[in-house]
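Visitor: I'd like to know how the labels people put on a structure follow from the numbers. Can we walk through a few?

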Amino acid sequence: MTDTQDKRVQVDISKCPLHEVDTFGPEFLQDPHPFYARLRAEAPVYRDPKNNVVYVSTYDLIRQVNTQPKLFSNRFAEQLRSGSTEQQDPDEVEIIKQGWIVADTMLTADPPQHTRYRKLAMKAFTYRRVLQMTAYVEELVESLIDELPESGRIEFKSEFANKLPMYVIADALGVPREHFDQFEEWSNAFLVQLGGVAAKEERLWAAGKIVEFQKYFVEVIERKRANPTEDVISDLVHADLSEEGDDRKMTYEELLSILQQLLVAGNETTAHTLTAGLYFLLTHPEQLDALSADPTLVKNFVEETLRFLSPTNNMWRVATADTEIGGEPIRKNDLILVRYGSGNRDEAKFADADRFDMLRTNAKEHLAFGGGIHTCLGSQLARKELQTAFPILLRRLKNIRLDPPDQALRFLPSILLRGVFALDVAFEKAPAPAERE
Ligand code: HEM
């Protein structure tokens, strides 16, 4: 058995023909790694006859796709919409009509539009701004730990991991942390939409929540338009597109698109990395001891966690012309799934790739943040949160352990995101540092 995260669900896909594997099914999504291994060995570029999607699964070929944005476009939202009959569900359309049809801005745009929006959003998350956040993130981590119950038993994801990135993004955007529950629901609603496997009832719920999100943020946008404040939304509302060759401010459709990307991309991925990272540590006691003894190892530990989990496990591309990848013919308008989760377990790049090893020397070369022009805009921010959180958690949550001890991670049934449901842990809480009391 490989050292994969889930030990409860074992899908035997070792012998059956590749096309018999239900790659969008919840059971498959619990542990796709055995299938990824077969794809890399047997068909690194594989056209699934069930859905005509082309899977690209090796490290080198994924990089090849990511470095040719003209040939492999990110305008997949349009393609996914037009290819899906579910999107035309009249009940869903009725709900969507109450909100705004958002523009394709960063993730779902190509140059020159992509370049223009990304430049504006980057200003909000510059390397310098993130560097200045160290003390603030430390303080936030400490205060979240202060709030944990003295009983020393928690569900780590909901009581810590979801909150840290959500509070950071709420503060950066300039919206109150008290609306946390709503942000969380909205974030989940976007994931239902992106995951592409939800039942009708869930999709209708998600559509309603997304309209709620839009109405909330349109109000915020209006307030900040009238009274500028020191935050990302205010910066974006007042950003001048004339510098970018367009003499105007951004519309609701553009602003909402950027805000929804920051909300979803910023929260879910980081929360799952925090949760899974802790699980990897607790199931590798020698690495837990090493990191507790030497917190400077945290940088590489975080990179290895990102490689091993690959929170954004897959991402879409659309071919803009007839071409080839790795010698396999690709046709114009083909939908392509770049399988980051597979590239990150490619033995040709990472020796003993199914083993979690925080001392791995090339861990940082992972594909967890993508690559090329769409490389994660929040990678520095995510690293800051992750690198700050773990040493403080290990210092303050003494003898942290799985409780119950034999639990395995359960993964969300999403194609794009490799996310986890929950992690129950126990510990003895150490007091906050004296200077903060
Ligand atoms: C562990 C945390 C994170 C992971 C694993 C992650 C992963 C990724 C990946 C793989 C992409 C590239 C998608 C593609 O190939 O098209 C991406 C793009 C993006 N990420 Fe992240 N992300 C994380 C955290 C964040 C945070 C904290 C933010 C916001 C502050 C953020 C904002 C974005 C945005 C806006 C894009 C689109 C960039 C573009 O298209 O130019 N991400 N992320």
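**From values to labels**

Guide: Sure, and keep in mind that this is a predicted model. Let's start with a helix pair: from H8, Val137, Leu140, Val141 and Leu144 meet Lys163, Leu164, Tyr167 and Val168 of H10. By class, the residues of that contact are seven nonpolar, no polar and one charged.

Visitor: At what angle do H8 and H10 pack, and how far apart are their axes?

Guide: The angle between H8 (residues 134-146) and H10 (residues 163-173) is about 135 degrees, and the axes are 11 Å apart.

Visitor: Why is H8 called oblique to H10?

Guide: Roughly antiparallel needs an angle over 145, and roughly perpendicular runs from 65 to 115. About 135 degrees fits neither, so H8 counts as oblique to H10. The crossing of H8 past H10 is right-handed.

Visitor: What makes E4 and E9 edge strands?

Guide: The open sheet has the order E4-E10-E9, with antiparallel pairing. E4 (153-155) and E9 (397-402) each pair on one side only, so they are its edge strands.

Visitor: How do you know that E9 and E10 pair?

Guide: Pairing takes at least two bridges. E9 and E10 (residues 424-429) have four, in the antiparallel sense, so they qualify. In one of them, Leu402 is partnered by Val425 in E10.

Visitor: What surrounds the ligand?

Guide: The shell has 26 residues, the closest being Ala265, Thr269, Gly370, Cys376 and Gly378. H14 supplies the largest share, seven residues. The shell divides into 15 nonpolar, ten polar and one charged.

Note on methods: Residues are numbered from 1 along each chain as its sequence is written. This is a predicted model: local features need pLDDT of at least 70, side-chain atom pairs count only at pLDDT 80 or more; totals for chains, interfaces and linings use all residues. Axes are lines fitted to C-alpha atoms, for helices over the stretch in contact, and angles run from 0 to 180 degrees between N-to-C directions. Helices (H or I, at least four residues) and strands (E, at least two) are DSSP runs, numbered from the N terminus. Angles under 35 degrees count as roughly parallel, over 145 as roughly antiparallel, 65 to 115 as roughly perpendicular and the rest as oblique. A crossing is left-handed if the near helix is turned anticlockwise from the far one by less than a right angle, and right-handed if clockwise. Two residues are in contact if their C-beta atoms, placed from the backbone, lie within 7 Å. Ala, Val, Leu, Ile, Met, Phe, Trp, Tyr, Cys and Pro count as nonpolar, Asp, Glu, Lys and Arg as charged, and the others, Gly among them, as polar. A residue is near a molecule or strand if its C-beta atom, placed from the backbone, lies within 6 Å of it.
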